[in-house]
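Colleague: Hi! Could you walk me through this one? I'm still learning how to read these.

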Amino acid sequence: MRIHRTAATGLAILALTLGALPATAQEAKVPVQRVTLDNGMELLMVERHESPTISAGWVAHVGSVNERPGITGIAHLFEHMMFKGTQTIGTKDYAAEKKIMDRLDAVRAQMEQEYTKLRAAKRRGEVKGNIYAPENQTPRLKELRATMKELQDEQHKLIVKDEFDKVYTSEGGSGLNAFTNEDMTVFFITVPANKLELWFWMESDRLLHPVFREFYSERDVVREERRMRVESDPIAKFEEQFGSMFWTSIPYHHPVIGWPSDVESISRQQADQFFGTFYAPNNITAVLVGDFDPKNAVALAKKYFGRIPRGAHEPPEMITEEIKQLQEKRMSAEAETNPMVEIRWHTVPFVHKDKYALEILSSILNGRTGRLYKSLVEKQHLATGEPYAWNNSMKYDGAFEIGAEVADGHTHQEIEDALLAEIERLKKEPVGDHELQKVKNQSLADSYRRLQSNFYLLLQLLIYDAEGNWQELNEAPARMQAVTAAEVQRVAQEYFTAEDRNIMWYSRKAGTTEDPELAKLSGQAKQAAKQMLRQLEQVKDPGQLQQIITKLESGKDQAPPQFKPALELVVERAKKRLETMQSKSGEEK
Amino acid sequence: MRRTTLRAATLIAALLVTAAVTAGGIPPRPEKLTFPPLTFNVPDPGAMRFTLDNGIPVYGKSDRLLPLITVQVLFRGGAYMVPKGKEGLDAIAGKAWRTGGAGDRTAQQLDEDLDFLAANLSTSIGNTTGSVRLNILAKDLDQGLKILMDVLTRPRFQADRFAKAKDDLIQEMKKRNDDSADIERREWSRLVYGDDFWINHLATKASVDSITADDARAFVASLIKAGNIVVAVSGDYDRAAMKTALDATLGTLPKGDSPLPPVPRAAQPAAPGVYVVDKPDVNQGRVSAGELGVSLGDPDEFALRVGNDILGGGGFTSWITKRVRSDEGLAYSAGSYFSFPAQYPGFFRAFFQSKSRTCPGALAITMKLIGKLRTDKVSADELKTAKSSFIETFPRRFESAERTAALFARDELMGIPHDYWKSYREKVAAVDPGAILQAARKHLHPEKMFILVVGNLDEIMKGHPDYPAKLTDFGEIHRIPLRDPLTLEPLSEQ
């Protein structure tokens, strides 16, 4: 076990490049302590004593990019399964439960044989549509399903529902949650400062003795989640296909939530295998931010996490690269949305040196005083809302997207031309000094704002670690300041080529209208707002909602500019909702 | 020999027991963990306070972790001062204040300069107070304060941005009848405080149309006076330097003439009875029952807070939620709360939403439970759970320097004594069953409450065979018409 202080190298870079900045800029370095346990698990710690709480989390370095055909969606399904409890938590009698689960698996295996037949029948054209749909059930399947239902009911009597959540809540834990994306699965919570050991107990227990109870019904829940988030969403279902069109060979090609055929067939055995490979401690980093003593935390980490054995094999490396795009691709969709245009190019992975110039470039285009708004909205009146630009560098590859909504009386082609004209301008002339300095100033200030809350700091460390470099937290500000106008021009020329363009035109489906307040937002912000609003609807506890509002409000300053209007709308709606509830502390969790 | 054997046996037994209970010192269940006590001391507001040359009090909490500074100018005044015929002025002025430019800068120049400084500046005007907040890199504080002074003293309310602020408000108003929750909120406020109370002076299309940039300028000018302001600063600063910088800017604001008019407190609550807004297109009724309450700082405040947590504020374990929702399945959401505004009286409100026909049944249960708080002592267990929920979450109010500074500044602005927070947890801890009983008897009068029902009246009147209650059991029925969203004139019944 080793303890490293943050390397001084970052500081040296700062000193070299930030001559114009005050000495305090260097003080913003976050002192991160890193410990590696004997089993390969990493622990990152940031001490902060402003408030008596600890934001705690861990990230498994696995996301949808690590999946293969047949089990797409399994990483996200796991995020759900990790809340189902352990051999201790969530059960009245684990031994009895285990017997039932083994029988469930056996029934499930027999069902799978039926589905194999149904798949064959579908290939021959004898069965149409979804093989899992009720109308396609064979008599044998119905029988098996009935047996399964009986077993599930039997198991249900042994389950203590949501106990994992309840243990934390009753001890003052708040904001227990998780997310999965292409590269990572992240779990987090905030606990009172004196409850650090509880966190170690709970998290090590679910890594050491997880029980994937209610596996098959949870799979249905995820299927429903797909219906809600993707299939019933006017835009998300098209974005999924656009994403699949954009990524050709790299496994970013399939959606994080998985293809429906796969999500409905994943078995518990596949889940066990997946867990053994990717949830081994040598594939996990834990992070603590807040009011604790690192010595004590390290001792607890050794005691609790240290007992988890290292994985039998190292997780396999993801080696499939994106193939070079040969020609421009286009897609158009009629959706219940305002007409809009999106253009996407391939860029670079998260740790690539060109990422910083691409980030600066996107800021030049973004915001109320950015080039896209000034040109497309204020000068030419072609677009409504706020046009956006976004570089999304993930672990293995990246994408850059710009987009805008078409104003009444104008055409998609006009918007496309105007967006591309701004890109051409970036290629032809270097950005001006004042303009460059403006976005650098914003970048620097935002990098500080992002550090204000323990929770956001926690999330950043978890995400940066999973994307390949947790030191990004301290290194990025200096590297952003070092970007030159020439570099911005060079990356524009290098990445925004005609043959690499992917262009999406949305037009409004006849006879549909949109929430007028959402309509005011631009594409990406609108998607984010919609998703947040839907998630907000799931929050039934005023306390939790209040917390979310507080977090959103403190997050407003830290959010990328194109998301600010979305956050404001969501906060406004959340407050309204809270007011209605206020009282009603009576709603369900 | 014998003794040794015994000792060895004891030791082995002890070891066995320990092994059964803990593997490697790890208890088998999380409940077996023991935690050190959590100590949290409320920061000292006195140590944070200083005054500027013109008397403006400042609450400062330095936090040198990040090179950012937040300056919040909090001021008294707001919606209650808006003259008749200009309803909506507070909202429009609050918004266009920031977007409309200031001093020598047009709206666009102000946006541009703030963006160059990477600063966030926001303005808002609320019911009885408002604020202007600046968040800026520490090195740019002087420039930021100059802009802040321009915004405070020389707002431009540029025509295009002013028109947009008005238009946004009109769009908002158009949705007033879309959601029955909005109708309920509006009518509830009218029942509690009466039509003449300032809170119920709502914007109409005519009032918004009549509002000019000059109105907004005059309104803002009436609020931004030294005698009317408390400032909160937090972040990366040195106290002496901050005082100098603030004295050179905010410290030059003129004291102002007479103080603002006081917030009117005299409410005229509705007579007891059942008030109904008929909305035939919904299948769920929204029901509220309550009465006028007290302000923050009332001697019974904490007994009422804790008591209400047990009655209907504490989620699943609270009486109303448990009975109406969990036991009877009559409502998804059901509960109760007290509001405690600092400058005018609050109210008590019990509420639920239920299928139209079960509304009277759920109401009967709810009213009975409110009565129960007046007659039965709460149990020790209930009291313990309620108290710990207040105490556990208390430190979060001080989780950042900015929140702490703003909290104390706001207290001084509203006349709330600082001791309120210092003794908050003791006040919660001191509440006993007798105090709750006494407070409930004094402040809750089920037989005198007004009841608001928004929903399908025909269906609600029918009641439900499983529940004998009828809506008429709760008092005389008064119909309240829907109102036109833009004029607020009563709409004729369909």
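Colleague: Let's start with helix H3 of chain A: how many of its residues are buried?

Modeller: Happy to help, and keep in mind that this is a predicted model. Helix H3 runs over residues 74-81 of chain A and is mostly covered, with 8 of its 8 residues buried. Among them are A:Ile74, A:Leu77 and A:Phe78, and also A:His76 and A:Glu79.

Colleague: What do the buried residues of H3(A) pack against?

Modeller: They pack against strands S5 (174-180) and S6 of chain A, plus helices H8 (215-231) and H11 (268-278) of that chain.

Colleague: Let me pick a residue, A:Thr190. Which strand is A:Thr190 in?

Modeller: You'll find A:Thr190 in strand S6 of chain A, which covers residues 185-192.

Colleague: Is A:Thr190 buried or exposed, and why?

Modeller: A:Thr190 counts as buried because its relative accessible area is 12%, and the cut-off for buried is under 20%.

Colleague: Which side chain does the side chain of A:Thr190 make a polar contact with?

Modeller: That partner is the side chain of A:Ser55, at 3.1 Å. Beyond its neighbours within four places in sequence, A:Thr190 also has contacts that include A:Thr53, A:Gly172 and A:Phe455.

Colleague: Switching to chain B, how many helices and strands does it have?

Modeller: Chain B has 19 helices and 12 strands. Its C-alpha trace spans about 95 × 75 × 35 Å along the principal axes.

Colleague: And what share of chain B is buried?

Modeller: Of the 494 residues in chain B, 55% are buried. The chain exposes about 21400 Å², and carbon and sulfur atoms supply 55% of that area.

How values were computed: Residues numbered from 1 in each chain as written. Chains lettered and ligands numbered in written order. Predicted model: local features only at pLDDT ≥ 70, side-chain atom pairs only at ≥ 80, totals over all residues. Heavy atoms only, no water. Helix = DSSP H or I, 4+ residues; strand = E, 2+ residues; numbered from the N terminus. Buried < 20%, exposed > 50% of the residue type's maximum accessible area, 1.4 Å probe, protein only. Polar contact = N/O pair within 3.5 Å; in protein donor to acceptor, adjacent residues only side chain to side chain. Contact = heavy atoms within 4.5 Å. Areas by Shrake-Rupley, 256 points an atom, 1.4 Å probe, with all protein chains shown as cover.
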